[in-house]
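Hello,

Here is the structure I promised to pass on to you. Have a look at it first, and then read on for what turned up.

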Amino acid sequence: VLNVHGGLTSQQIVRWVEDAANSDSEGNPNKRKVLFFDEVNTSGCLDLFKEIICDRSMRGVQLADNILIVAACNPYRFKKEEAKRLEQIGLQIAVKKHHLEAVGGWREHARMTRASQADGLVYRVHALPDSILDHVYDFGALSKQKEFQYLCQMVDNVTDDSELCREFSGLIKLSQEMVRELNDNERASASLRDVSRCCKTFLWFQNEFLPKIDAFGKESDKLGRISMIMALAYCFYFRLDREQRRIYARRVENGTKMEKKSYLNPIYTWKSLNDFDGQVQKVIRTVVCGNFREPKGIIFNEALVENIFVMLCSILQKIPIFIIGKPGSSKTLALTLIGNNMKGNHSDSDLLKQLPPVNVFSYQCSPLSTPEGIEDTYAKAEKSQKGDQK
């Protein structure tokens, strides 16, 4: 499987295909090999992919008969007006001409122009060449009923508590419907990936993280329910602004009332949750205020505590995350405090001593950032990690 992305070069694609084609066939040179290109239209090398997929050749050299090519792509679809309006909120950065000249002149200008044009798309992809369109099969989208069936099966795999499973499934469905509603009913704003992430986070809270905290580890009978609340908060609640959170909390708390509307399947009922926001705040303040040192001149306000908690959960689960906020909203400070406090066995608190140490490697992003610069920072972090494991 080749995970295609915008920074992939034609040389890297050719090298990967050659390595895959020449890989060990377990003594059978005619054994079929399936090469899968995932999200193929995120790359600008569609001319090369067209040759591989349609012509079954690469740089003029025919591919072997035992190689089968499969590719997946995202639709070239434009955002709705409301989604575009929401994305205008934030900083707008102007790049001066002499900055462009310093990093490649017109080529850099062309790259940034293409990126700007892609901002209006639901997915940042390139239009497929007409010759590839003849090979495209459109799977369409899951119906709401089918999506809910998949959702229930995924939740059923993470808990043996049938009552909790029904409750959790209904609340995830409610959460997805609300996220889509707030994004002008754009289905792509919530998917089964969110369900998978929510299930993974639920297991992590229940089996790995909360048992380490005395305040929750002693309440084993309530652990599943607290884990469910925090998984919903991590995957959905923290994505919303203050007013949207108030609406979300009210809908969750009045779940049985919402059942009569379009959010929940009638066969799924549960006990109403009381004070959803209060329970979330109790957990994150117990974790942060009880275990992180408060530096002189710094107050653990709501934004800082929440940023620390969400970053902590993401780092420990190895889930990528974007913290979005205006300057001065404690984004960088939160990460600095994590690096200063999470020192493994040398940490001050009993909880942080049970967690792995964190080393922070920073990269200052800008409109002029390049894939090579990001890869270099990642390589330094990887090298440091390998050195720590020796």
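Let me start with helix α14, which runs over residues 276-289. At 1.5 Å a residue, its 14 residues should span 20 Å, and the C-alpha atoms at its ends are indeed 20 Å apart, so expectation and model agree. Please keep in mind throughout that this is a predicted model.

Which residues of α14 are buried? They are F276, V280, Q281, V283, I284, V287 and V288. These residues cover an arc of only 160° around the axis, which puts them on the same side of α14. The general background will be familiar to you: an α-helix has 3.6 residues a turn, so residues three or four places apart point the same way.

**Aromatic rings and charges**

F276 turns up again among the aromatic residues. It belongs to one aromatic cluster together with W204, F205, F209, Y237, F238, Y248 and F309. In the structure as a whole there are twelve aromatic pairs.

Y237, another member of that cluster, also has a charged partner: the charged end of R245 sits over the ring of Y237, 5.0 Å from its centre. A second arrangement of this kind involves K173, whose charged end sits over the ring of F148 at 5.1 Å from the ring centre.

**The cavity**

K173 and F148 lead on to the next item, since both of them help to line the largest cavity. How many cavities of 30 Å³ or more does a search of the whole structure find? The search finds one. The volume of this largest cavity is about 40 Å³. Besides K173 and F148, its lining is made up of K144, E147, L151, Q176, E177 and R180. The elements that give two or more residues to this lining are α7 (144-156) and α8 (162-182).

**Contacts between distant parts of the chain**

Helix α8 also holds L164. Is L164 buried or exposed? With a relative accessibility of 8%, L164 counts as buried, because the cut-off for that is under 20%. Its C-alpha atom is 8.5 Å from that of M228, although the two residues are 64 apart in sequence.

R251 is located in helix α12, residues 242-253. Its relative accessibility of 16% means that R251 counts as buried. Along the chain R251 and L171 are 80 residues apart, and their C-alpha atoms are separated by 9.3 Å.

V14 is placed in helix α1, which covers residues 10-21. V14 is buried too, at a relative accessible area of 10%. Between the C-alpha atoms of V14 and R59 the separation is 8.5 Å, with their positions 45 residues apart along the chain.

**Two backbone angles to look at**

Finally, there are two residues whose phi angles you may want to see for yourself. R56 is not a glycine, yet it has a positive phi of about 55°. R56 is found in the loop that joins α2 (46-54) and β3 (57-58). Its relative accessibility is 27%, so R56 counts as partly exposed.

K318 is not a glycine either, and its phi is positive at about 60°. This residue lies in the loop between α15 (302-317) and α16 (331-341). K318 has a relative accessible area of 71%, which makes it exposed.

Happy browsing, and do write back with any questions.

Best wishes

How values were computed:
Residues are numbered from 1 along each chain as its sequence is written. This is a predicted model: local features need pLDDT of at least 70, side-chain atom pairs count only at pLDDT 80 or more; totals for chains, interfaces and linings use all residues. Side-chain values use heavy atoms; hydrogens and water are left out. Helices (H or I, at least four residues) and strands (E, at least two) are DSSP runs, numbered from the N terminus. The expected span of a helix is 1.5 Å times one less than its number of residues. Buried means under 20% relative accessible area, exposed over 50%, partly exposed in between (1.4 Å probe, protein chains only). The arc is that of the directions from the helix axis to the C-beta atoms. Rings of Phe, Tyr and Trp (its six-membered ring) pair if their centres lie within 6.5 Å; planes under 30 degrees apart count as stacked, over 60 as edge-to-face and the rest as tilted. A charge sits over a ring if NZ of Lys or CZ of Arg is within 6 Å of the ring centre and within 35 degrees of the ring normal. On a 1 Å grid over the protein atoms alone, a cavity is a set of points where a 1.4 Å probe fits but cannot get out, and a pocket is an open set with protein on both sides within 12 Å along at least five of seven lines; lining residues have an atom within 4 Å of a point. Grid points are joined across faces, edges and corners, and a volume is the space filled by probe spheres set on the points.
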